[in-house]
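Trainee: I'd like a close look at one part of this protein: the inside. Please take me through how the chain packs there, then follow the helices out to the surface.

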Amino acid sequence: MENKIEIGGACHPLIFNMRAIESVMSELNMSDFAELGDSLNSQNIAKSLAFARCCAYYGIKSGYRKSGEKFPFVDIDDFADAIDSFADVEPAIVAFTKAIEDFFKPKKGTEDLSGK
C-alpha cells in the first residue's frame, strides 16, 4: 500500500510492506497482533504515542527505500522532532492497519486450502 503523509511541513512517501510491518512489531516488542490492540488503547497514551511514531517512521522509511530517494531523517528521534501533533501521524496508523489486513488476507481462490 502506497500513500503520502505530511510530517514537518514536507510530504513523504508512506508504504507498509512486509519489512515495515515487521519493523513496527519488532521495535515495539510485539509478538502477536493481540498486543496491537493495547497500543491503540486510549487508556495507554505512552504506548499509543510510541506505536504512532513507529508506524509513521517505518512506513516513511519503506516509502523512501522503494522510491530510491534519500531518507531525510537521521534516526527515529530525529523523526519524532519533526512531528507537531498526533494528527500528523494518524494517517500512518490507518495505513498500517489497512496494510496488515491486506497483507494477511487470503488471495482469491485460496480461501479454502484446508483440505476440507
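Mentor: Let's settle one word before anything else: a contact here means heavy atoms within 4.5 Å. Counting contacts with a separation of 6 or more, 62% of those in the chain are between residues 24 or more positions apart. Keep in mind that this is a predicted model.

Now the layout. The chain has five helices and two strands, and going along the sequence you read β-β-α-α-α-α-α. Of its 116 residues, 36% are buried.

The heart of your question is the largest nonpolar core, a set of 30 residues in which Phe16, Ile60 and Phe96 have the most contacts. Who supplies it? At least two residues each come from β1 (2-7), α1 (18-27), α3 (45-67), α4 (76-81) and α5. Helix α3 gives the largest share, nine residues.

Zoom in on Ile60 for a moment. Once you set aside its neighbours within four places in sequence, Ile60 touches Ile5, Ile7, His12, Pro13, Leu14, Phe71 and Phe79.

You may be eyeing the cysteines, too. The structure has zero disulfides. Take Cys55: that residue is buried, at 0% relative accessibility. The closest cysteine sulfur, in Cys54, is 7.4 Å from the sulfur of Cys55, so that pair is too far apart for a bond. For scale, the cut-off for a disulfide is 2.5 Å between sulfurs. Cys11 is another story, being exposed with a relative accessible area of 52%.

Let's ride α1 from the inside out. Its buried residues are Ala20, Ile21, Ser23, Val24 and Met25, and these pack against β2 (10-15), α3 and α5. On the same helix, Arg19 and Glu22 make a salt bridge, with their closest N and O atoms 3.7 Å apart. They're three residues apart, about one turn of the helix. That spacing makes sense because an α-helix has 3.6 residues a turn, so residues three or four places apart point the same way. Both partners are partly exposed, Arg19 at 45% and Glu22 at 44%.

Just past α1 sits Asn29, in the loop between α1 and α2 (34-39). Asn29 isn't a glycine, yet has a positive phi of about 55°. Asn29 is also exposed, at 65% relative accessible area.

Helix α5 (residues 86-104) has its own charged set. Lys98 and Asp102 meet in a salt bridge at 2.9 Å, N to O, and they lie four residues apart in α5, about one turn of the helix. Asp102 also bridges to Lys105, at 3.7 Å, which links Lys98, Asp102 and Lys105 in a network of salt bridges. In terms of cover, Lys98 is partly exposed at 35%, Asp102 is partly exposed at 32%, and Lys105 is exposed at 52%. Altogether, the chain has three salt bridges.

Last stop, the outside. Phe104, which belongs to α5, joins Met18 and Phe103 in a nonpolar surface patch with about 340 Å² of accessible area together. Over the whole chain, the accessible surface is about 7200 Å², with 52% of that belonging to carbon and sulfur atoms.

How values were computed
Residues numbered from 1 in each chain as written. Predicted model: local features only at pLDDT ≥ 70, side-chain atom pairs only at ≥ 80, totals over all residues. Heavy atoms only, no water. Patch = residues over 30% accessible without salt bridge, like charges linked within 9 Å, V, L, I, M, F, W, Y side chains within 5 Å. Areas by Shrake-Rupley, 256 points an atom, 1.4 Å probe, with all protein chains shown as cover. Salt bridge = Lys/Arg side-chain N within 4 Å of Asp/Glu carboxyl O. Buried < 20%, exposed > 50% of the residue type's maximum accessible area, 1.4 Å probe, protein only. Core = buried A, V, L, I, M, F, W, Y, C linked by side-chain atoms within 4.5 Å.
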